[in-house]
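Here is a set of questions and answers for someone learning to read a protein structure, each asking how a description is reached.

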Amino acid sequence: MACTLAKRIRMLNENAIIVLIGNDIQKINNILPYGIHHILLEPFSAEQLRDVIFKVKEINENVTRRFYYRHFQEEYFLDQDKISYFEKEKRKVYVHGFSGTMTFYMTVKEIFEQLGERNFCRCHRSYIVNMNYIYRVKRHHLVLLDGKQIEIGREYHEKFRECYTKFQMKRS
């Protein structure tokens, strides 16, 4: 059963972090080909469990996150780290990054459901920026590494400053 489950997890997500808890060495050996990140042999201590949780959290923070969208019945995936900003114009979304500019239809809510608020922040009704690409923040606009200037909307000003400050503190 555990072998089937590990195989199914790996098929659904090749980057999934799998932690195996058990005491049957033979079964554990059968599951190893499916990319087990950590094994906790029973019985284990609370300290061992904490160590594994810490390691998994560390791995998870370094995993490349993907952004998914559909355009004309085709599915596309972009590495979030390679997206500099999203620009929204009515129903249309333009995503700007290393690969140029792609266009698709999506709501801001759907965009944030995928992004979370890890490195992205909304600074204007029409813009969501990857904070890794911000070169300078001025009073009413920000400047990206490529020189693009984006206005900070009045209603987003305080929330953006808060978000960017948290981001900077995490990087330090």
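Q: What makes the strands β7, β6, β5, β9 and β8 one sheet, and in which order do they lie?
A: In this predicted model, the five strands form an open sheet with the order β7-β6-β5-β9-β8 and antiparallel pairing. Two strands count as paired if there are at least two bridges between them, and strands β5 (residues 83–89) and β6 (residues 92–97), which pair in the antiparallel sense over six bridges, therefore meet this condition. One of these bridges can be followed by residue, since I83 has G97 in β6 as its bridge partner.

Q: Why are β7 and β8 called edge strands?
A: Each of the two, β7 (100–105) and β8, pairs on one side only. As for the twist of this sheet, neighbouring strands are turned by 20° against each other on average, with direction ignored.

Q: Which helices lie across this five-stranded sheet, and how do they run against β8?
A: Helix α4 (residues 108–115) lies across β5, β6, β8 and β9, running at about 155° to β8, and α5 lies across β8 and β9, also at about 155° to β8.

Q: What makes β10 and β11 a pair of strands?
A: Three bridges join β10 to β11 (residues 141–144), and the two run antiparallel; the cut-off is at least two bridges, so they count as paired. Within this pairing, V137 has L142 in β11 as its bridge partner.

Q: Where do β10 and β11 sit in their sheet?
A: They belong to an open sheet of three strands with the order β10-β11-β12 and antiparallel pairing, in which β10 (134–137) and β12 (149–151) are the edge strands. The twist averages 25° from one strand to the next. Helix α5 (residues 157–171) packs on this sheet, where it touches β10 and β11, and its direction makes about 125° with that of β10.

Q: How do you know that the span of α5 agrees with its number of residues?
A: At 1.5 Å a residue, the 15 residues of α5 should span 21 Å, and its end C-alpha atoms are 21 Å apart, so the two values agree.

Q: Which residues of α5 are called buried, and why are they said to be on the same side?
A: Buried means under 20% relative accessible area, and the residues of α5 described in this way are F160, C163, Y164 and F167. They cover an arc of only 95° around the axis, which is why they are placed on the same side of α5. What covers them includes β8 (120–124), β9 (127–130), β10 and β11.

Q: What does the face of α5 turned away from its buried side carry?
A: That face carries E158, K166 and M169, which are called exposed because the word is kept for residues over 50% relative accessible area.

Notes: Residues numbered from 1 in each chain as written. Predicted model: local features only at pLDDT ≥ 70, side-chain atom pairs only at ≥ 80, totals over all residues. Heavy atoms only, no water. Helix = DSSP H or I, 4+ residues; strand = E, 2+ residues; numbered from the N terminus. Axes fitted to C-alpha atoms, helices over the stretch in contact; angles between N-to-C directions. Contact = heavy atoms within 4.5 Å. Expected span 1.5 Å × (residues − 1). Buried < 20%, exposed > 50% of the residue type's maximum accessible area, 1.4 Å probe, protein only. Arc of directions from axis to C-beta.
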